[in-house]
Structures are given as C-alpha cells and as structure tokens.
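Please open the model in your viewer and keep the sequence panel beside it, since the tour below moves from one selection to the next.

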Amino acid sequence: MKNDNMTIPQILRINKCSFNLLDSLKIFFSILLISSTLFADIVWYGYYEFEGDYGKTPDKGFYFDYNKFRLDFDTNPTENVHIGGNVVYKRYGGKTKMNITDFMDESYYSMIAAPTLDMFSFEFQDTLMIDNLYMDFHHKYFEMVLGRQQIPTGVGYAWNPTDIFNKKDIMDPTYDVTGVDAIQLNIPIASIGTLQAIYQPDETIDRSTQYFQMKTWLPFADVSLVYGKTMVNNFTISKDLYGLNIEGDILGIGVRSEFTANRMNYDSDDLQYEYIVGADYTFENSLYILGEYLHNDFGVEDDETSLLDYLVYFDWQQKSLNQNYLFFMGMFPVTDLLDATVMSIANLDDKSVVINPMLVYRIYENVELTFMGNIFVGDVKDEYGFQDFGARVRLRAYF
Amino acid sequence: MKKLIILILSIISFTFAQTGEELLNDVINHMNPQSSKGIMKQTINTTSGDKRVLTYESSSGDKGKNNIMRYLSPARVRGNAMLMKNFSDDIWMYNNRTKRVRKLASHAKKQKFEGSDFTYEDMGSGDAWKEDYKSTNLGVQKFEGLECNILELSSIKKDNSYSKIVSFLRIDDNFPLKMEYYNEKGVLEKILFLRDIEKIQGIPTAMIMEMVNQQDNTSTIMEYESIEYNVTFDKNFFSERSLKK
C-alpha cells in the first residue's frame, strides 16, 4: 500500500502499514453493527475523492489515478467518552506498477544488475483500511485516547522534525495522514500547561515508541519541550530525540520553529541536529505567505547522494534527501470560491527547485476541485531536476 | 421665559447626558454577557450572488474575553473549531480531519472569518475597545424612527482595523441597532445591523445581525437558532483541550 497522497516522486515513499482486505471489511462492518446497536446518536460524514496524476520524465510519461471513499463516524456514548474512526477505500487506475529507478537519473543505478533493480519495483494496490478507530476519554484531570488515532505533533507546516509518528508528504503537507496505533495521555497542569505522553506499542518495550511533551503558553508564544524514543532503520537503530517547539508572534509575524537534537545508539557521543525556522504573514488584502527553512543532519551532502540515499528517503527513514531546504507558499483568495496558491521547495544543496502552482475552486459548498502543476528546475541528477513536469487534478465531495 | 426654560432643559440635558465611556460600557455589557452558549446560522451573500450557509456552536465566557466556535455544517468544515482568547488577541484553529491545532499570528485577526464579512476581530473584540478607541457621545439622532444615542469610537492605536466606529444606540437602554465601521482612510467600510431584539433570560439579544460590506457589495447574516445565557463552563473550558472535544 502506498501513502494517501501521490505526488511524483513522493509516491515512492511507501507506507508499509496495511490491513488485509477481508479482515478490514469484517472489522468495519462489526463496528457498524455494534455502533448502530449500542449508540443511537452516531454522526456519519466523510468524502469521496478522485485524483488523476500525470508525470513526465525525460524518457517516460506516467498517468495514474485513484478513487477514494472515506467514511467517518463520531459518537458520544456518555458525556465524557467519544468514539471516532474512519474507513478508507481506494481503488487505483492507470499505471499502477512502477520502479523507484523510474524517478532518478540512470547514473545512480547503471552499475546495478537488472534482476536487482526489479527489487525496487512496487505496485499500487486497491485498499480498504481502517485508518482511525479510537476512544477518547475525558476526565477532569486528564484525557486519554486509545486506539488508532491522529497524532499531529510539531508546529511546522512543511516539515516537523519533532514528529516521530507521521509520514508527511511535503508536496501536499495538509493531506490526511494515516492513523497511529497508540495510547495517548494528556494531563493539564493547572492553567500553565499540558503534559502529553504517547506510547506506540510494538513487540517489545524496547521497540516501542515513546513520546513526551510539556507545553506551556507564554505571552509571546506557545512553547513545548519534547523527548522521544523510537527505533529507525527497520528497528535496527534506536534514536533519542530532544526537541523544542515554538509557535508565536513577533511584531505581527507568525513564527514557527522546531529544533531537535538526536542521539543514535551507534553514535552515542555525537548529536545530530534537525530543525526548521519558519514565519508566516497575512497581508491586508488577504495574501498569505509562509516560509520555512529546514536543516537536517540526517540528509546526505549533495555530492555524496547515492541510490541508497534515495532508497532510505523513499522508505520514510528520513525527512529529506539532502540537508538544507527552503519551502515557500503564497496563497490568495481570488474570489469567495477560488483560492490561488503557489508552493515551492528548493533543495539548497543541489540547487534544484520544484514550483507547484495550484487552484482550488469550490464548485459547491461541499465540492472542491483542485488543479496543481509541478514545474521542476535543476540538473537531471538533482532531486527536483530529473522529472520534466507533473500535473494533478483532484475532485473532492464532502458529505 | 421660553428661552430660559430651553436653556435650563439644555443645561439639565447636558449635565445628565451619558459620557462616551458610559455609552461604551453599556454597549460592551449588551454585546458581551457574562457567558453564553448557542447555535448560530451564518449566511454569506457572496459577490457572485451565491449564498453560503454555515452553522456553528458558539460558547462565550468571561464577558466575551474567551470564545470557542465549532462548525456543525457544511460537511466540508464540520467539526473544525476555533478558540479565541483575550478578546481575539490569541486565536487557535482546530482541523477535525487532521486533529491538528494551529495558532494564528495576531495579523490574522483582521482576516475574514470563514470568508464572511465579519473578521475574527469583529467576532470577539469586546472589552478591548476601551483600550483601543476613544469614545465620544455625539448626541441624539433618529434611526428607523427611533431616538438613538450616537457613540463614536475613534482609534487611538496605530494597528487598529478601523479608524472610527459609529454606533446608533436605542435610547432607553443603549442597545446598539446599527454600527458603522470606517477603514483606515476614513471611508465607510461596513455596517452592522442588529435586528429582532428579544429578551432571552432577561437579556436583550439581537437574534439577527447583518454585516453589510459597502466596498465589496457583500453581506453576511448571523442568526441565533438557539441561545442560552449564564452557562457555567469548566475552569479550563476555554483551552486547546476543549477544541478537540
């Protein structure tokens, strides 16, 4: 199964979490039956989405699409308990079989034998999955969320160095992310802040992910300290993350920054740093601009980029291919129903850029039509230089 | 003798006329009761002639200082919520689909609230007017056949959204019937009409508020579908935690 959003080359970053189709059906309809029987007051909602993507590389053109149906439910069996969840069905069309090497210059893999390259192929498969299913228990002194849930951490728009749970697509940063199986505890500490503890269980405690956040609200900013412990590189390396989030306001300009220092067990003396510095502003005429700079010690230096680095990146083991990036977004409501947006990501190491102009038109109150283009600028060996261009159309109807 | 009586009446009238500050206090008290909870329907008449209808649940506490609004419809925004604290100085937005809470920078409070003719600031300025504007009683004028006190608020801060706000206040209780908002250039930008005033739990309430944008030729009508006053909220109700409920 691949990630929900499918921008080339981000589609290659394969989401490994999947459910068996039949099991998912059984579970979902069991939930439907139990919910309908036990709780009279269930709210159902969701959306239907069609997306078509076209990508052009120097020697190939790709078209693929999907139809997605997301059904959410919410119910409150008692005043302090909330149960929610959603099921997602996706059906793919067009070119569903691809190879990672389709999206990079031949010089990266020319020395590798063809049978080995076949290992890098992948296929989009029709999916039915329970994306979220959780119970939220509110008490005067705490809140506990159990089950498969959304865990949005960090304050950045494009990147979240303090996030150790989610796989976010930089080409479409606000798109739904897959739920996380976890136990979340939030404890308000008087009116000065909140303590958050999240435990994502795995086979052993050592392999499980732990995350703690202490958040407070200062006059100029919301500030949080973070500690996280997780396994990376297919559970072979443990990582301790020490982080800081700042989300505030300086002279009317929004400031959003995340800093992390990471200690890997193979290198316990040295810390690796990953951070973003970002700002946003809304002008009187409603033009909204946002910029973020990312530095990632885990990324590879430009002149050392190899096939392995691409594989590691596409496998979501690190948040960027290289070390230094700049993200820019400008958004302007042209009319009440039409928003024009330009997003741009610059790889400052290899000097390649992708520019994504986008139009979002609300045909009706609950129906949105999105057009997006991808214009790539750079050398064929660069991250954003190999592909010629891309285009996307997305139609989403909420109900 | 007649002139003397008029002079005496004028002196009495002048002596007992309410000051601008007193009028403003009355307006703030009317517009910001101690606490309330209600469901509102918002109809936006767009430039293209289309109508957009949104409904949301609104909770307000501490005399309008803190507010939470949660969308009930349309489906596109259902469950999204907004927390405004300290008279809209601090705003947090909650996206129900991604469960993400995002703090807006202060410049955003001048932006349109979900594309309507109300800004975030319009939705929760309240007591802040006392510090941001100088208030003056401009005397009495008629509006729709009713005698009204005229209150003028003149901006005394550089970054205020409006240079001047002129309010027409029903003379018997200073409940506002009309408020004119002038932009930084002194041009009339918007007019708020407060209609269908009913007493709910003894508190006069405009069941319909219409904001007419003179520059864009758009308007937004907000109607109470239900309203309840003197609601007791938990101590930490107006917090990020409640946004996610």
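Begin by selecting β16(A) and β17(A), two antiparallel strands that are joined by 9 bridges; strands and helices here are DSSP runs numbered from the N terminus, with E over at least two residues for a strand and H or I over at least four for a helix, and two strands pair if DSSP finds at least two bridges between them. This is a predicted model, in which local features need pLDDT of at least 70, side-chain atom pairs count only at pLDDT 80 or more, and totals for chains, interfaces and linings use all residues. For making selections, residues are numbered from 1 along each chain as its sequence is written, while chains are lettered from A and ligands numbered from 1 in the order in which they are written.

**Around β16(A) and β17(A)**

Between these strands, which form a hairpin, there are 4 residues, and within the pairing you can pick out A:F328, whose bridge partner in β17(A) is A:S344. Now add strand β15 (residues 288–296) of chain A, which runs antiparallel to strand β16 (residues 324–333) and is joined to it by 8 bridges; here A:L294 has A:Y325 in β16(A) as its bridge partner.

Next select A:L348, in the loop between β17 (338–347) and β18 (352–364) of chain A. Is A:L348 buried or exposed? It falls in between: A:L348 is partly exposed because 16 other C-beta atoms lie within 10 Å, where 20 or more would make a residue buried and 12 or fewer exposed, with C-beta atoms placed from the backbone. Leaving out residues up to four places away in sequence, A:L348 touches A:N324, A:Y325 and A:L326, a contact being two residues whose C-beta atoms, placed from the backbone, lie within 7 Å. If you draw a distance from A:L348 to A:L321, 27 residues apart along the chain, the C-alpha atoms are separated by 11 Å.

**The strand at the end of the numbering**

Go on to strand β20 (residues 389–398) of chain A, which pairs in the antiparallel sense with strand β1 (residues 42–56) of chain A over 10 bridges. In that pairing, A:E51 has A:R394 as its bridge partner in β20(A). Strand β19 (residues 367–377) of chain A is also antiparallel to β20(A), through 9 bridges, and A:G373 stands opposite A:A391 in β20(A).

**A second hairpin, and the side that touches chain B**

Select β12(A) and β13(A), which run antiparallel and are joined by 12 bridges, among whose residues A:N245 has A:E258 in β13(A) as its bridge partner. The two strands form a hairpin with 2 residues between them, and A:L251 in the turn has a positive phi of about 50°.

Now show both chains: the contact takes 27 residues from chain A and 22 residues from chain B. On the side of chain A that touches chain B, β8 (180–189), β12 (237–250), β13 (253–264) and β14 (267–282) each supply at least two residues, and β14(A) gives the most, with 3 residues. That side of chain A divides into 8 nonpolar, 11 polar and 8 charged residues, where Ala, Val, Leu, Ile, Met, Phe, Trp, Tyr, Cys and Pro count as nonpolar, Asp, Glu, Lys and Arg as charged, and the others, Gly among them, as polar.

**Two nonpolar cores**

Which residues have the most contacts inside the largest nonpolar core? They are B:L83 and B:I91, in a core of 42 residues, a core being a set of buried Ala, Val, Leu, Ile, Met, Phe, Trp, Tyr and Cys residues joined through C-beta atoms within 7 Å. Strand β4 (residues 81–85) of chain B gives the most to this core, with 4 residues. Leaving aside neighbours within four places in sequence, B:L83 is in contact with B:I68, B:W92, B:F238, B:E240 and B:L243. Apart from that core lies another, of 19 residues, including A:W159, A:I345, A:V354 and A:Y384.

**Whole chains and confidence**

Zoom out to chain B, which has 5 helices and 13 strands and whose C-alpha trace spans about 75 × 40 × 35 Å along its principal axes. Chain A has 3 helices and 20 strands, and buried residues make up 36% of its 399 residues.

Finally, colour chain A by pLDDT, the predictor's confidence in each residue from 0 to 100; the mean for chain A is 89, and 90% of its residues reach 70 or more. Over residues 1–9 of chain A the pLDDT is below 50, and it stays under 50 over residues 11–18 of chain A. Where pLDDT is low, the predicted coordinates should not be read in detail.
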